[in-house]
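Open the model in a viewer and keep the sequence panel beside it. The stops below say what to select and what is there.

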Amino acid sequence: METEDISLVITGPGGAGVIAAGELLLKTAAQLGYYGLLKKSFGPQIRGGESSAMLRLSSKRVECLQDAVQLLLVIDWHILTPFIEELVFNENTLIICDQESGEIPQAIIDSHATLCPVPLTLLSKQMKTKVNMIGVGLLANLLGLPLTNLLAVTKEHFQGKEAALIESVIIGIETGNEYALSVAFPALSNLGSPRKNYWLYTGNQLIGLAALKAGIRFVAGYPITPATDLLEWMAVNIDKVGGTLVQAEDELASINMIIGASYGGVPALTATSGPGLSLMSEGLGLAIASEIPLLVVNVNRGGPSTGIPTKSEQSDLNQALFGMHGDAPHLVTAPIGIADCAFTTGWTVNLAERLQCPAILLSDQFIGHSIIAGDKPLFYQHTAQRETAEPDGDYLRYLNTKSGISPMAIPGTANGMYTADGLTHNEQGHPSALANVQQQQLDKRQRKLLRYDYGEYWGQIDNQGDVKIICFGSLHAIILDALTLLTQKGIAASLITLRLLAPLPIEQLQECLSGATHIIVIEQSHGGQLFHYLASHLFKLAEFSAASYSLAKPGPVPFSSAEVADFVEQTARLNKQGEKVND
């Protein structure tokens, strides 16, 4: 079984070094020039629990996992159970398991996978090393990753650690590598010709880097999974560009701190997840009313309430779109996958600054935590610029301009004093309860978003076909794989991935959807939030005669490309018959 695209998984108890093992394999493969993805999956426990490193290594660029696992290393069968629903095994799966790992689950037996018991625990005791490092050495041998490259990556990875620890790690890797040589495991992969240069990053790291490149110089935040490591990355790097990060006492303080910083002329950002976004809603309303630009990065997890903090979902969409009281127009964007965090973040910072309004960037746990080994991503090439005022007389901060954008004076500017208030205010900024003032300022704030030219960046179109699929965020890569399956079945489908969610680019979508036999909206939410949002603005229009279908499910189990392809095939068949499909 030789392939240029392989999927492997390592599972074990939390704290057993499973993620570190996956990182070493990914870094080694990347150093040799291969593309790769590492999805980190673990339970909600602060310590202990279960942990899994899910990898895909390929000779081509990848941003999602394969449907089925080809190679699995199990340290403890009991720990595998929480991941059974997320993983697919079949007769092509090779499972390496510790001889002392417990009873084999029935799902594994039923899958007809090939089992290869290995005395991992015994070897670790004999060699006084860790089981996870023995596994790394063994897997590297099966993958054809040279031991010299793996050891070099390992020494760099553990640089600064105690010498005894590094020695133990190396012994473990060498032990596993030698054991693999002595056992007749089947050959697994030939990943193709190596490349010379690569980038290694998570979505959270890329959002942080892109934000700094775009001009963000103040960050305030409160830790919350899965956004915390974005703030941690910022804490280490923002001072390198002369910026500042403050850990606030809570999310209410975070949003108000960045409002204050931006009012003072400093582009500002906070990062959170669903529960934190709820707490920020009142502050966001203040920023909308007072027309103060800022960026909130929301890394979506399973909800509602505390939900599943370590799993991915897209169910914060409604909150991002409608979570504020009153008529509160603002920007909502989403990166088209992990690498696109570089472009979409910079673009969103620029939009917020130009349009003088809050922007919410919708990421998710998969995008935020997964590690990519690949080419240098494309960054948005412009530093954010807001239109500032240098008045020489009476200053109208909220002047009712044709574009809806009025120049913003930075505190300290001569003749530029004004009140930035959450109360309804007139053009000077003075509070007013007059109906015509309320109407004028509501129209102004809406107009600047609706009349702005977002250009070609509103979304991305892949492939051509009469079947139109709409999605956003991390589902893009999975559906691209599904398009390949559909092409093999003779079904031509086009994928439309939204980067701009609010305001909804209705004219562009109308053009893209013209001539569609039917439309399918795919999302990871229980209630089909994106489908109903599109239906309320788009599908109800008279020119849309095409049937529309929803494929929606919550986390934590991700979509598979086969699942998507099967649904599209089913809708194509039923649409010809004029029937409805079961959502």
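Which residue in strand 13 is the bridge partner of threonine 333? Select leucine 361, which is that partner. This is a predicted model, in which local features need pLDDT of at least 70 and side-chain atom pairs count only at pLDDT 80 or more, while totals for chains, interfaces and linings use all residues. Residues are numbered from 1 along each chain as its sequence is written, and side-chain values use heavy atoms, with hydrogens and water left out. Helices (H or I, at least four residues) and strands (E, at least two) are DSSP runs, numbered from the N terminus.

**First sheet**

Widen the selection to strand 12 (residues 331-333) and strand 13 (residues 358-364), which run parallel and are joined by three bridges. Two strands count as paired if DSSP finds at least two bridges between them. Strands of a sheet pair through backbone hydrogen bonds, either parallel or antiparallel.

Now show the whole sheet: seven strands, open, in the order 9-8-10-11-13-12-18, with mixed pairing. At its edges lie strand 9 (244-247) and strand 18 (500-502), each pairing on one side only. From one strand to the next the twist averages 20°.

Add helix 13 (residues 341-355), which packs on this sheet and touches strand 11 (294-300), strand 12, strand 13 and strand 18. Contact means heavy atoms within 4.5 Å. The direction of helix 13 makes about 175° with that of strand 12. Axes are lines fitted to C-alpha atoms, for helices over the stretch in contact, and angles run from 0 to 180 degrees between N-to-C directions.

**Two helices**

Next select helix 8 (residues 203-214), which packs with helix 13 at an angle of about 40°, the axes being 8 Å apart. That angle makes helix 8 oblique to helix 13; angles under 35 degrees count as roughly parallel, over 145 as roughly antiparallel, 65 to 115 as roughly perpendicular and the rest as oblique.

Show side chains at the contact. On helix 8, the residues include Leu206, Ile207 and Ala210; on helix 13, they include Thr345, Gly346 and Val349. The residues of this contact divide into eight nonpolar, four polar and no charged. Ala, Val, Leu, Ile, Met, Phe, Trp, Tyr, Cys and Pro count as nonpolar, Asp, Glu, Lys and Arg as charged, and the others, Gly among them, as polar.

**Second sheet**

Move to the open sheet of five strands, ordered 15-17-16-19-20, again with mixed pairing. Its edge strands are strand 15 (459-462) and strand 20 (547-552). Strand 15 runs antiparallel to strand 17 (residues 493-498), with four bridges between them. One pair to pick out is aspartate 462 and its bridge partner in strand 17, leucine 495.

Helix 17 (residues 506-513) packs on this sheet, touching strand 15, strand 16 (467-472), strand 17 and strand 19 (518-523). Helix 19 (residues 561-577) also packs on the sheet, touching strand 16, strand 19 and strand 20.

**Strand 19**

Is strand 19 buried or exposed? Six of its six residues are buried, so strand 19 is largely enclosed by the rest of the structure. Buried means under 20% relative accessible area, exposed over 50%, and partly exposed in between (1.4 Å probe, protein chains only). Select His518, Ile520 and Ile522 for one side, then Ile519, Val521 and Glu523 for the other.

Strand 19 pairs with strand 16 in the parallel sense over four bridges. Six bridges join strand 19 to strand 20, also parallel. Finish on valine 521, whose bridge partner in strand 20 is serine 550.
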